[in-house]
Amino acid sequence: TDLGQYSINPQGLQVQFNPSKMQHLYHLSGTGKAFDESIKAIKEDLHKSGIGCNLEEMSLSRIDLCNQEQMSHQVGSYLDVFKMFKQKRLKNTKEHPSSYLVGNKQWQTCAYDKLQELKDFKLHSLIEGENNLLRIENRWLQTKEVKRTLPFDTIHKLCDTTNDELQSIYSKHLQNRTFNKNYSSVQMKLDFHRSEER
């Protein structure tokens, strides 16, 4: 539908939607009144589609926490910061002129030019005057990863989470995972067979 994507497979019902985009094309919203309105709209949409479920108690299998800021310079120049970290143990690393992604099958962090994305989708006429809009998304990609690392694993628990708590989770993920030097490795070669110089 216009609000969400609903599918059923052997594992059960999957409901996908973006609560921020339901409020605005590219401005972000957290929990609170706007989020509650988005959940209510999805519940009504499911009902109209003939799908009965307890949406608030379904397990979260993916969640994206984001921040975005207008930067002083073009977004591409800030993506170089991500390249400074050699994410050797992270199998998913993708670089494009306006985006950079690191992560694995459980989680990802993606930094990208949000306005360029809108232009790529021919939506530039809807941009409201911003420039150099950098968005950084932390993505949890699996149910077990959500349960293991986040203090909420259902929409009901997420609704009870404040925006300050979400900001803290977002920042800690960047500090402890994306920019954690433990994920960076330097390969060294030691030659044990070379005769010692005297």
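**Exercise 1. Classify arginine 135 by its accessibility, and then describe the salt bridges around it.**

*Solution.* Arginine 135 has a relative accessibility of 6% and therefore counts as buried, where buried means under 20% relative accessible area, exposed means over 50%, and partly exposed lies in between (1.4 Å probe, protein chains only). The model is predicted, so local features need pLDDT of at least 70 and side-chain atom pairs count only at pLDDT 80 or more, whereas totals for chains, interfaces and linings use all residues. Residues are numbered from 1 along each chain as its sequence is written, and side-chain values use heavy atoms, with hydrogens and water left out.

Step 1. The side chain of arginine 135 meets that of glutamate 137 in a salt bridge of 3.8 Å, N to O. A salt bridge is a side-chain nitrogen of Lys or Arg within 4 Å of a carboxyl oxygen of Asp or Glu.

Step 2. Glutamate 137 also counts as buried, at 7% relative accessibility.

Step 3. A salt bridge of 2.9 Å, N to O, links the side chains of glutamate 137 and arginine 139. Arginine 139 is buried, with a relative accessible area of 14%.

Step 4. Arg135, Glu137 and Arg139 are thus joined into one network by salt bridges that share partners.

**Exercise 2. Compare this with the salt bridge of aspartate 64, and state how many salt bridges the structure holds.**

*Solution.* Step 1. Aspartate 64 and arginine 62 meet through their side chains in a salt bridge of 3.0 Å, N to O.

Step 2. Aspartate 64 has 31% relative accessibility and counts as partly exposed. Arginine 62 is partly exposed as well, with a relative accessible area of 44%.

Step 3. The structure holds nine salt bridges.

**Exercise 3. Establish the strand order of the five-stranded sheet, and identify its edges.**

*Solution.* Step 1. The chain has eight helices and seven strands; helices (H or I, at least four residues) and strands (E, at least two) are DSSP runs, numbered from the N terminus.

Step 2. Five strands form an open sheet in the order E3-E7-E6-E5-E4, with antiparallel pairing. Two strands pair if DSSP finds at least two bridges between them.

Step 3. E3 and strand E4 (92–96) stand at the edges; each has a single partner strand, so one side of each is left without a neighbour in the sheet.

Step 4. On average, neighbouring strands of this sheet are turned by 10 degrees against each other, direction ignored. Axes are lines fitted to C-alpha atoms, for helices over the stretch in contact, and angles run from 0 to 180 degrees between N-to-C directions.

Step 5. Eight bridges join E3 and E7 in the antiparallel sense. Isoleucine 63 has tryptophan 140 in E7 as its bridge partner.

Step 6. Helix H8 packs on the sheet and touches E3, E5, E6 and E7, and its direction makes about 85 degrees with that of E7. Contact means heavy atoms within 4.5 Å.

**Exercise 4. Describe the hairpin formed by E1 and E2.**

*Solution.* Step 1. Strand E1 (residues 5–9) and strand E2 (residues 12–16) run antiparallel and are joined by five bridges.

Step 2. Two residues lie between E1 and E2 in this hairpin. Asparagine 9 stands opposite glycine 12 in E2.

**Exercise 5. Locate the nonpolar cores.**

*Solution.* Step 1. A nonpolar core is a set of buried Ala, Val, Leu, Ile, Met, Phe, Trp, Tyr and Cys residues joined through side-chain atoms within 4.5 Å. In soluble globular proteins, nonpolar side chains tend to be buried together.

Step 2. The largest nonpolar core has 28 residues, of which Leu55, Ile63, Leu65, Ile136, Trp140, Leu150 and Phe152 touch the most other members.

Step 3. Elements that each supply at least two residues of this core include helix H2 (33–48), strand E3 (63–70) and helix H8 (163–178).

Step 4. Another core, of five residues, lies apart from it; Tyr26, Leu115, Leu118 and Leu133 are among its members.

Step 5. Beyond its neighbours within four places in sequence, phenylalanine 152 is in contact with Leu60, Ile63, Val146, Lys157, Leu158, Thr161, Leu166 and Ile169.

**Exercise 6. Determine the setting of glutamine 108.**

*Solution.* Step 1. Glutamine 108 belongs to strand E6 (residues 107–113).

Step 2. Glutamine 108 is buried, at a relative accessible area of 14%.

Step 3. Not counting residues up to four places away in sequence, glutamine 108 touches several residues, including Glu137, Arg139 and His173.
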